[in-house]
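Here are a few exercises to work through with the model open beside you. Try each task before you read its solution.

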Amino acid sequence: MFNKKTAQPDVQQAGTVAVGKAAVKPPKNNRLSLTTRRNLMGWVFILPFVIGFIMVFAPSLILSFRFGFNDIINSSTGYSLEGVGFHYYRQILVIDPDFLRGIFESTGSMFLNVFIVLIYALLIATILNRNISGKGFYRAILFLPVVISTGVIALVDGAALSGGHKAMDMVSGEVMGGLFTETDITMLLDSFNISGGFTDVIVSAANNVYKIITSSGVQLVIFLAGLQSISPAIYESATVEGCTWWESFWKITIPMISPLILVNLVYSVVDSFTSADNSVMKGVYDDIGQANFSLGSAKGFFYLLIVGVVLMVLVAIVNRFVFYENK
């Protein structure tokens, strides 16, 4: 459009639309983007936890942290704190011979337990994701031990069996021994020239069947949800291209659920470190049960620091191999 007086084209401002002789600005789009809406939905989902953490858990956490640096002086009107600095931390690191040894043992057993649990959960989830009859029933049965081993039922089970999980581990080990003894399994694997380290993993898994099943229910559900979210068209395309099931598993399934592998890794590590049969956790519980709150708090927070460092290292390593679709 030309100006009749100057014979020059009219220059419109950026962001305007010419309608006849008037320039009208387009209406602003005030709608939130899809990414922003999803982020807000995530915050709404975890809002009850955030409120509960700030109002209930955080004050107790701060008080417990203060206990680790103070002596608790009881009186008729309550209690008071008397500062002792790092006395209890020096005690658990220098004087106590069992604390650091328990941390090293817990860390070593954690790697073995997490490896076995993740492999088992992924294997069972892969089987249940296939088109088999009665898979809903099998899913419920495999998740049932997780429900039984938590809450009030776990307390009743522990009191009745005087050791709960240990008793069941012993029974499961005896049942496995009726099928194959530990020597039979070792000889069988040695006949295939399998390394001794892998043989120890198999034998340990066979002797702790109950613990593995009860520790892998949540991971199994997460893996199963991830497997069901993968489009069947991807596998069909791979089959047309000549890929076998094994190749599709490593080239499609593992990359697609790798973010969930990281989630299950974090969950399994925390679950292993905070297990009731963990020697460090037992020591913390014993100190608190004997009213040694300052010593128990020092042990708990130093153990929390170790667990946090291990988690950060593992996440930093595994995250390098995680495949994200939107990146």
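## Exercises on a predicted chain

Phenylalanine 53 belongs to helix H1 (residues 34-67); helices (H or I, at least four residues) and strands (E, at least two) are DSSP runs, numbered from the N terminus. This is a predicted model, in which local features need pLDDT of at least 70 and side-chain atom pairs count only at pLDDT 80 or more, while totals for chains, interfaces and linings use all residues. Residues are numbered from 1 along each chain as its sequence is written, and side-chain values use heavy atoms, with hydrogens and water left out.

**Exercise 1.** Classify phenylalanine 53 by its relative accessible area, and find the nonpolar surface patch that includes Phe53.

*Solution.* Start with the classes: buried is under 20% relative accessible area, exposed is over 50%, and partly exposed is in between (1.4 Å probe, protein chains only). Phenylalanine 53 has 32%, so the residue is partly exposed. Next, the patch rule takes residues with over 30% relative accessible area and no salt bridge, joining like charges within 9 Å and nonpolar side chains (Val, Leu, Ile, Met, Phe, Trp, Tyr) within 5 Å. Phe53 is in a nonpolar patch whose members include Trp43, Phe49, Met55 and Leu61. Together the patch residues have about 1300 Å² of accessible area, computed by the Shrake-Rupley method with a 1.4 Å probe, where for residues only the protein chains shown count as cover.

**Exercise 2.** Which residues of helix H13 (residues 279-289) are buried, and on how many degrees of arc do they lie?

*Solution.* The buried residues are Val280, Met281, Gly283, Val284 and Asp287. Take the directions from the helix axis to the C-beta atoms: the arc is only 155 degrees, so these residues are on the same side of H13. As background, an α-helix has 3.6 residues a turn, so residues three or four places apart point the same way. Finally, look at the cover, which includes H3, helix H12 (245-273) and helix H14 (293-318).

**Exercise 3.** What caps the N-terminal end of H13, and where does a positive phi occur just after H13?

*Solution.* At the N-terminal end, the cap is asparagine 278, with a side-chain oxygen 2.9 Å from the backbone nitrogen of valine 280. After the helix, alanine 291 has a positive phi of about 65 degrees. Alanine 291 sits in the loop between H13 and H14 and, at 48% relative accessible area, is partly exposed.

**Exercise 4.** Trace the salt-bridge network that includes Lys299.

*Solution.* A salt bridge puts a side-chain nitrogen of Lys or Arg within 4 Å of a carboxyl oxygen of Asp or Glu. First, aspartate 287 and lysine 299 pair at 2.8 Å, N to O. Aspartate 287 is in H13 and lysine 299 in H14, so this bridge ties together parts 12 residues apart in sequence. Second, lysine 299 also bridges to aspartate 96, with the closest N and O atoms 3.6 Å apart. Here the partners are 203 residues apart, since aspartate 96 is in the loop between helix H2 (87-95) and H3. Joining the steps, Asp96, Asp287 and Lys299 form a network. Both aspartate 287 and lysine 299 are buried.

**Exercise 5.** Is serine 106 buried or exposed, and what does serine 106 contact?

*Solution.* Serine 106 is in helix H3 (residues 99-128). Its relative accessibility is 4%, so serine 106 is buried. Beyond neighbours within four places in sequence, its contacts (heavy atoms within 4.5 Å) are Phe273, Asn278, Ser279, Val280 and Tyr303.

Terms used: Polar contact = N/O pair within 3.5 Å; in protein donor to acceptor, adjacent residues only side chain to side chain.
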